[in-house]
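Open the model in your viewer with secondary structure displayed. The tour goes stop by stop, with a selection to make at each one.

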Amino acid sequence: MPETVTLLIEPVPADARDVDLASTLREVDAAAPALRVGELSTQRGDGVFETLAVIDGHAQETGPHLDRLRNSAVICELPEPNLAQWRAAIDRAVASLPDRGQWALKLVLSRGVEHGPAPTAWLHASRAADFSAVRERGVAVVTLDRGYAHDAAEHAPWLLLGAKTLSYATNMAALREARRRGADDTIFVSSDGYVMEGPTSSVILRHGDVFSTPAPSGAILHGTTQQSLFEHLAATGRATEYRDIPIAELGTADALWLVSSVRLAVGVTRLDGASVSYDAAETREFNDYLLSPRD
Ligand code: PLP
């Protein structure tokens, strides 16, 4: 069984019917050259992506990830993806992976080659890092200013906030800054004083019995893991809410988590150097749910 699977995808229009989808997918060796130097994804980060987990042979939350891929494409004015084609690519990749273990499956839709006629698309699956220890131990976090107001998406749509674009250099810079400050991760805050998200995760707070997360105003990515966990919390009788969350509430929360598709839920144990109460059993319950097959 392979450790990676890479498929080049020849995008077909969103409304194409009666296409032999299998013939639009070509498996390639991940170590062999596959992209042209004129690719706008590599030159400008001009494209969108999704990362979803495959757990013991099950692709998690495929529908929500594909819906977000389409939404990101719309925000970036890329051709709308044909979701049946992407589903076929995911199914093919999953079928060739071992049926035990955790995998990160990345979907990329790029604007393509400069002056080229069509977008470029591919899927790459590789073994996920082992996050079991950090899920138990939690993370130390610092808050960092993201440099714009929490409602920036409304007046500056060209920032493409709310789209999962390939331009993650600033997110990676924020993680390096966190490490320089002796922490593991970051919670971005807006210039007008609200909690936003992590560079690769959504933020969930608990005050008493109520779980909250920043309202998906378009300035942050609406996380598939957060939505799935909120469904689970609601189904098990717990209160959840979306709202604008002032930064000060991070300090008064009874518990804080960062959640994302592959690392899943990690508890925050320190915030800007101060300790945060952390319930390992509650985090374990979240991860038991998140590790179960979800659609
Ligand atoms: N916010 C940002 C900026 C992200 O990059 C991610 C995931 O990579 C998330 C939130 C969490 O999204 P999801 O739960 O769908 O992985």
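Start with the six strands that make up an open sheet in this predicted model. Reading across the sheet, the order is β2-β1-β6-β5-β3-β4, and the pairing is antiparallel. Which strands stand at the edges? Select β2 (25–28) and β4 (58–59): each has a single partner strand, so one side of each is left without a neighbour in the sheet.

Next, select residues 47–55 for β3 and residues 102–110 for β5. These two strands run antiparallel and are joined by nine bridges. To fix the register by eye, label Val54, which stands opposite Trp103 in β5. Now add helix α2, residues 62–75. This helix packs on the sheet, where it touches β3, β4 and β5. The direction of α2 makes about 175 degrees with that of β3.

Zoom out and colour by domain. The protein chain is divided into domain 1, covering 4–128, and domain 2, covering 133–291. Taken over C-alpha atoms, their centres are separated by 26 Å. At the contact between them, select 20 residues on the domain 1 side and 13 residues on the domain 2 side. Which elements give two or more residues to the side of domain 1 that touches domain 2? They are β3 and α2, both already on display from the previous stop. The largest share of that side comes from β3, with eight residues. By residue class, the side of domain 1 that touches domain 2 has ten nonpolar, seven polar and three charged residues.

Then select Asp130, whose place is in the loop between β6 (120–127) and α4 (132–137). Is Asp130 buried or exposed? A residue counts as exposed if 12 or fewer other C-beta atoms lie within 10 Å of its own; Asp130 has 9 such neighbours inside 10 Å, and therefore counts as exposed. For a distance check, pick the C-alpha atoms of Asp130 and Val113: these residues are 17 apart along the chain, and the two atoms are separated by 35 Å.

The last stop is the ligand. Around the ligand there are 14 residues, of which Leu221, Gly223, Thr224, Thr225 and Ser261 come nearest. Select α7 (224–235) and β12 (255–260), the elements that give two or more residues to this shell. The most comes from α7, with three residues. Coloured by class, the shell around the ligand divides into ten polar residues, three nonpolar and one charged.

Definitions and conventions
Residues numbered from 1 in each chain as written. Predicted model: local features only at pLDDT ≥ 70, side-chain atom pairs only at ≥ 80, totals over all residues. Pairing = 2+ DSSP bridges. Helix = DSSP H or I, 4+ residues; strand = E, 2+ residues; numbered from the N terminus. Contact = placed C-beta atoms within 7 Å. Axes fitted to C-alpha atoms, helices over the stretch in contact; angles between N-to-C directions. Domains from an automatic or database assignment. Nonpolar A, V, L, I, M, F, W, Y, C, P; charged D, E, K, R; others polar. Near = placed C-beta within 6 Å. Buried ≥ 20, exposed ≤ 12 C-beta atoms within 10 Å, placed from the backbone.
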